[in-house]
Amino acid sequence: MLIRRKRGWELAESQATPEEIFRNRRRFMRTAGAGSLLLAGGGLLSACEDMDGANQASAAESDAFAQVADDPSYELYPLDRNSRYQAERDITERELAGTYTNFYEFGSSKNIWQKAQDMPIRPWSLRIEGEVEEPFDIDIDDLLARMPLEERIYRLRCVEAWSMVIPWSGFQLSHLLDLARPTSNARYIRFTTLEDSEVMPGQRAGWYPWPYIEGLTMEEAANELAFMGTGIYGAPLPKQNGAPLRLVVPWKYGFKSIKSVVSIAFTRERPVSFWEEIAGNEYGFWANVNPEVAHPRWSQAEERVIGSDEKVPTELYNGYGEYVAELYADMDQDERLYR
Ligand code: MTE
């Protein structure tokens with residue numbers, strides 16, 4: 001059971017809009033430095049064997065957002081919200097989104113945000129390579145200056161059967177495709193996370209196939225929902241949430257939304273992702289959310305809403321079918337589209 005300890009100073013989830021929280025830097029710092037809730041939980045492979053364990057929570061002081069004020073891109077935020085994307089649920093409390101995270105490079109528990117603070121995020125260069133007219137590297141701040149930045153509220157559904165609603169800042173992935181200029185040979189995109197075992201202790205665990213890799217088809221990447229996150233809650237991304245650049249594909253299970261991306265490669269072959277390599281029968285390439293297709297070890301029919309005691313029915317494509325269903329309409333359903 002989720003232990004929810006609400007303090008007098010905490011904002012209601014529905015009030016946690018960037019405009020209200022982040023306009024004033026000093027007020028932001030005071031909020032970020034105040035106490036919050038830390039949740040301890042199992043990992044991607046173990047959490048749902050022990051769903052009660054993943055539900056356990058303990059209160060702890062946290063300044064999980066403190067470092068974002070030092071981010072060189074801080075003044076770019078908050079961004080105008082794109083009202084086309086409505087979550088139809090309350091926004092998850094910011095402290096929960098920043099302290100209940102999956103980032104295996106820092107360990108398999110949810111509570112890794114302190115360890116992640118050691119990851120250097122400047123300078124940060126993104127490599128564009130593979131089937132492109134000309135490979136190139138681009139500095140993250142140059143990229144931020146060139147992309148049309150906006151805020152979008154999306155639901156996030158983890159394969160572990162929990163969910164959040166996050167106000168993301170960033171840009172539509174299709175704009176990066178335009179910049180990258182892929183050739184007609186490109187059929188897939190392979191995203192790769194930073195590999196640096198000096199600052200990422202989880203990468204010293206040799207049994208994982210580091211670096212973390214994820215992939216999309218070109219059609220998926222060009223879909224209007226596919227988004228590159230550069231911030232949350234009206235401020236730059238905290239490191240534990242995948243600073244300075246991560247993928248956000250809300251119709252797929254959360255493990256597809258790869259964090260701290262250093263390379264985007266356009267390929268002819270379908271990339272094999274990190275979790276697919278570890279347990280391909282449990283975590284496939286497509287991983288589209290579907291309540292009717294159970295994980296081999298647990299049901300996907302419902303999801304636990306982080307920050308409440310609620311369980312709600314899971315929706316096909318996480319409720320984004322109107323945007324993405326046509327991508328899969330003509331596909332062979334034996335392709336394991338939903339796992
Ligand atoms: N990206 C990397 N590089 N490493 C990870 O362990 N975890 C994934 C995804 N991206 C992960 C990752 C999983 S399982 C989920 S549910 C989401 O990140 C969680 O994003 P959040 O921690 O910001 O909520």
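**Exercise 1. Sort the residues of the shell around the ligand into nonpolar, polar and charged.**

Solution. The shell divides into 8 nonpolar, 6 polar and 3 charged residues. Here Ala, Val, Leu, Ile, Met, Phe, Trp, Tyr, Cys and Pro count as nonpolar, Asp, Glu, Lys and Arg as charged, and the others, Gly among them, as polar.

Before going on, note that this is a predicted model: local features need pLDDT of at least 70, side-chain atom pairs count only at pLDDT 80 or more, and totals for chains, interfaces and linings use all residues. Residues are numbered from 1 along each chain as its sequence is written, and side-chain values use heavy atoms, leaving out hydrogens and water.

**Exercise 2. Find which residues come nearest to the ligand, and look at their polar contacts (pairs of N or O atoms within 3.5 Å).**

Solution.
- Step one: 17 residues surround the ligand (a heavy atom within 4 Å of it). Tyr 104, Glu 105, Arg 246, Ser 257 and Lys 259 come nearest.
- Step two: take the backbone. An N or O atom of the Tyr 104 backbone is 2.7 Å from a ligand oxygen, and a polar backbone atom of Ser 257 lies 2.9 Å from a ligand nitrogen.
- Step three: take a side chain. Lys 259 places a polar side-chain atom 2.6 Å from an oxygen atom of the ligand.

**Exercise 3. Locate the salt bridge of Arg 81.**

Solution.
- Step one: apply the rule, a side-chain nitrogen of Lys or Arg within 4 Å of a carboxyl oxygen of Asp or Glu. The count comes to 16 salt bridges.
- Step two: pick the pair. Arg 81 meets Glu 151, at 2.6 Å from N to O.

Terms used. A polar contact is a pair of N or O atoms within 3.5 Å; within protein, one must be able to donate a hydrogen and the other to accept it, and residues adjacent in sequence count only if both atoms are side-chain atoms.
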